[in-house]
Amino acid sequence: MTTSDLSPELSQPRPTPDAQAFIDMQASPEFQDLRRRLRTFVFPLTAFFLSWYALYVLLATYATDFMATKILGNINLGLILGLAQFVSTFVITAVYVRFANRDLDPRAAAIREELEGPLK
């Protein structure tokens with residue numbers, strides 16, 4: 001099996017644009033829209049997750065009686081909230097992947113095709 005059997009992109013590379021082409025593309029409305037969409041999604045989600053994590057750490061540090069509240073048998077609220085940290089990480093990842101596949105990747109592919117030309 002050769003490299004060309006694995007992926008058509010590897011067999012026929014696209015031309016590399018010069019530095020000015022990259023600078024021009026960064027100033028284009030399409031690229032600015034892509035950056036805006038990424039930032040308006042990622043920054044609030046990051047702020048939410050960091051706040052949620054900080055709340056968990058603060059509760060674990062300063063509200064030990066609250067976190068030790070028994071929920072079911074030996075399972076306490078601290079354990080539930082700790083596991084919720086993992087669950088929220090996976091949910092955020094899944095939401096981001098869906099957003100990127102739906103909104104970001106098609107725009108990025110169009111920008112790349114405009115910059116480097118169509119795949120041959």
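## Helix packing and aromatic contacts in a predicted 120-residue chain

Leaving aside neighbours within four places in sequence, Phe22 is in contact with Pro17 and Leu115, where contact means heavy atoms within 4.5 Å. The model is a predicted one, in which local features need pLDDT of at least 70 and side-chain atom pairs count only at pLDDT 80 or more, whereas totals for chains, interfaces and linings use all residues. Residues are numbered from 1 along each chain as its sequence is written, and side-chain values use heavy atoms, with hydrogens and water left out.

**Overall organisation**

The chain contains six helices and two strands, and its elements follow the order α-α-α-α-α-β-β-α along the sequence. Helices (H or I, at least four residues) and strands (E, at least two) are DSSP runs, numbered from the N terminus. Of the 120 residues, 22% count as buried; buried means under 20% relative accessible area, exposed over 50%, and partly exposed in between, with a 1.4 Å probe and protein chains only. The chain exposes about 8,900 Å², of which carbon and sulfur atoms supply 66%; these areas come from the Shrake-Rupley method with a 1.4 Å probe, and for residues only the protein chains shown count as cover. Among contacts between residues at least 6 apart in sequence, 68% join residues at least 24 apart.

Phe22 offers one such link. This residue lies in helix H3 and is partly exposed, with a relative accessible area of 39%. Phe22 and Leu115 are 93 residues apart in sequence, yet their C-alpha atoms are 7.8 Å apart in space.

**The nonpolar cores**

The largest nonpolar core has nine residues: Met25, Phe31, Leu34, Phe41, Phe99, Ala100, Leu104, Ile111 and Leu115. Helix H4 (29-62) and helix H6 (77-116) are the elements that give two or more residues to this core, and H6 supplies the largest share, five residues. Apart from this core lies another, of five residues, among them Trp52, Leu59, Leu77 and Leu81. A nonpolar core is here a set of buried Ala, Val, Leu, Ile, Met, Phe, Trp, Tyr and Cys residues joined through side-chain atoms within 4.5 Å.

**The aromatic cluster**

The whole structure holds two aromatic pairs. Rings of Phe, Tyr and Trp (its six-membered ring) pair if their centres lie within 6.5 Å; planes under 30 degrees apart count as stacked, over 60 as edge-to-face and the rest as tilted.

| Pair | Geometry | Centre to centre | Angle between planes |
|---|---|---|---|
| Phe41 and Tyr96 | tilted | 6.1 Å | 40° |
| Phe41 and Phe99 | stacked | 4.0 Å | 10° |

Phe41 lies in helix H4 and Phe99 in helix H6, so their pair ties together parts that are 58 residues apart in sequence. The pair of Phe41 and Tyr96 likewise links distant parts of the chain, with Phe41 in H4 and Tyr96 in H6, 55 residues apart. Phe41, Tyr96 and Phe99 form one aromatic cluster. Within this cluster, Phe41 counts as buried at 19% relative accessibility and Phe99 counts as buried at 8%, whereas Tyr96 counts as partly exposed at 33%.

**Helix H6 in detail**

At the start of H6, a side-chain oxygen of Asn76 reaches to within 3.2 Å of the backbone nitrogen of Gly78. Gln85 lies further along, in H6. This residue is buried, with a relative accessible area of 8%. Leaving aside neighbours within four places in sequence, Gln85 is in contact with Phe49, Trp52, Tyr53 and Tyr56.

H6 has a kink of about 45°, centred on Ala100; the bend at a residue is the angle between axes fitted to the seven residues ending there and the seven starting there. Ala100, a member of the largest core, is in contact with Asp105 and Pro106 when its neighbours within four places in sequence are left aside. Gly117 follows H6 and has a positive phi, near 95°.

**The loop between H3 and H4**

Ser28 has its place in the loop between helix H3 (19-27) and H4. Ser28 is buried, with a relative accessible area of 10%. A polar atom of the Ser28 side chain lies 2.7 Å from the backbone oxygen of Met25. A polar contact is a pair of N or O atoms within 3.5 Å; within protein, one must be able to donate a hydrogen and the other to accept it, and residues adjacent in sequence count only if both atoms are side-chain atoms. Met25 is itself one of the residues of the largest nonpolar core.
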